[in-house]
Amino acid sequence: MDLSLSTRTVGDRTVVEVGGEIDVYTAPKLRECLVELVNEGNYHLVVDMEGVDFLDSTGLGVLVGGLKRVRAHEGSLRLVCNQERILKIFRITGLTKVFPIHASVDEAASATD
Amino acid sequence: MAIVELRFSALPEHVRTARLVASAVARKAGVDEQLLDEVRLAVGEACSRAVALHQRGGVDTPVRVELEESEKRFSIEVGDAVPSQAAVAAGDGGAAAEEDEDTGEMGLAVISGLVDDVEIVGGDGGGTIRMSWPLVGAPVR
């Protein structure tokens, strides 16, 4: 399985729907997508990970990179994830403290800090 | 005791193959279904790290994965061919994108957080990550 990416706008947020496997091979595509969005001036991102089957540290690195980029523009990067096996990876790396993780796109899109 | 050995060129696209082989062999050996996600992730992390070390170090030998089923445990060994001194240098000085800098360390953090029995050794001939999981029915160590 490869990585699928699609973007849409919900209110003032840009939602990136990710599907498939995020690993050392596919993560560069996600990185490119996030970099492009930020370069186009989208600074409030929601990454919907409900369709993600596999995530490794390379993928985490890309998400952290995306967060750094939006923060440079006072933006935000929120995640949508309900899958225990994916959440576990955020927990063991301590990244649950770094990323706001939401149960739905609606919740993430209406959240403010 | 049964062994499956896999060698692959240090290319990111082969890491998924290594994950699939490892989880298939682990399932066949009798590793608990609930641990298979762990096996898959840990092998993926170890292989991604080895691929990155080979690429940064300009090493063109393959990455080696050995899957071994013994009576009570299922063990996986992922070996790179980058001498430990060079591995440290590659980790520190790689001309990687900003988010790549920490990925190797994060990979090790994921493995240590995930796997109870893990051993990371470095040497002149390269480094090895050894991990093992209990087999269903075997007494918990």
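**Close-ups of helix α1 and R78 in chain A**

**View 1. Helix α1 of chain A, end to end.** Helix α1(A) takes in residues 27–39, 13 residues in total, and runs 18 Å from its first C-alpha to its last, close to the 18 Å expected at 1.5 Å a residue. Keep in mind that this is a predicted model. Just after the helix comes G41(A), which has a positive phi, near 95°.

**View 2. The two faces of α1(A).** On the buried side you'll find A27(A), L30(A), R31(A), C33(A), L34(A), L37(A) and V38(A). Looking down the helix axis, these buried residues fall within an arc of 160°, so they line one face of α1(A). That fits the usual helix arithmetic: with 3.6 residues a turn, residues three or four places apart point the same way. Turned away from the buried side, the other face carries the exposed residues E32(A) and N39(A).

**View 3. What sits over the buried face of α1(A).** The cover over the buried residues of α1(A) includes three strands of chain A, β1 (3–10), β2 (13–22) and β3 (44–55). Helix α2 (57–71) of chain A is also part of that cover.

**View 4. R78(A), an arginine tucked into a strand.** R78(A) belongs to strand β4 of chain A, residues 76–80. Is R78(A) buried or exposed? With a relative accessibility of 4%, R78(A) counts as buried, because the cut-off is under 20%. Its side chain makes a polar contact of 3.0 Å with the side chain of H102(A). Leaving aside residues up to four places away in sequence, R78(A) also touches others, among them R13(A), L45(A), V46(A), V47(A), P100(A) and D113(A).

Terms used
Residues numbered from 1 in each chain as written. Chains lettered and ligands numbered in written order. Predicted model: local features only at pLDDT ≥ 70, side-chain atom pairs only at ≥ 80, totals over all residues. Heavy atoms only, no water. Helix = DSSP H or I, 4+ residues; strand = E, 2+ residues; numbered from the N terminus. Expected span 1.5 Å × (residues − 1). Buried < 20%, exposed > 50% of the residue type's maximum accessible area, 1.4 Å probe, protein only. Arc of directions from axis to C-beta. Contact = heavy atoms within 4.5 Å. Polar contact = N/O pair within 3.5 Å; in protein donor to acceptor, adjacent residues only side chain to side chain.
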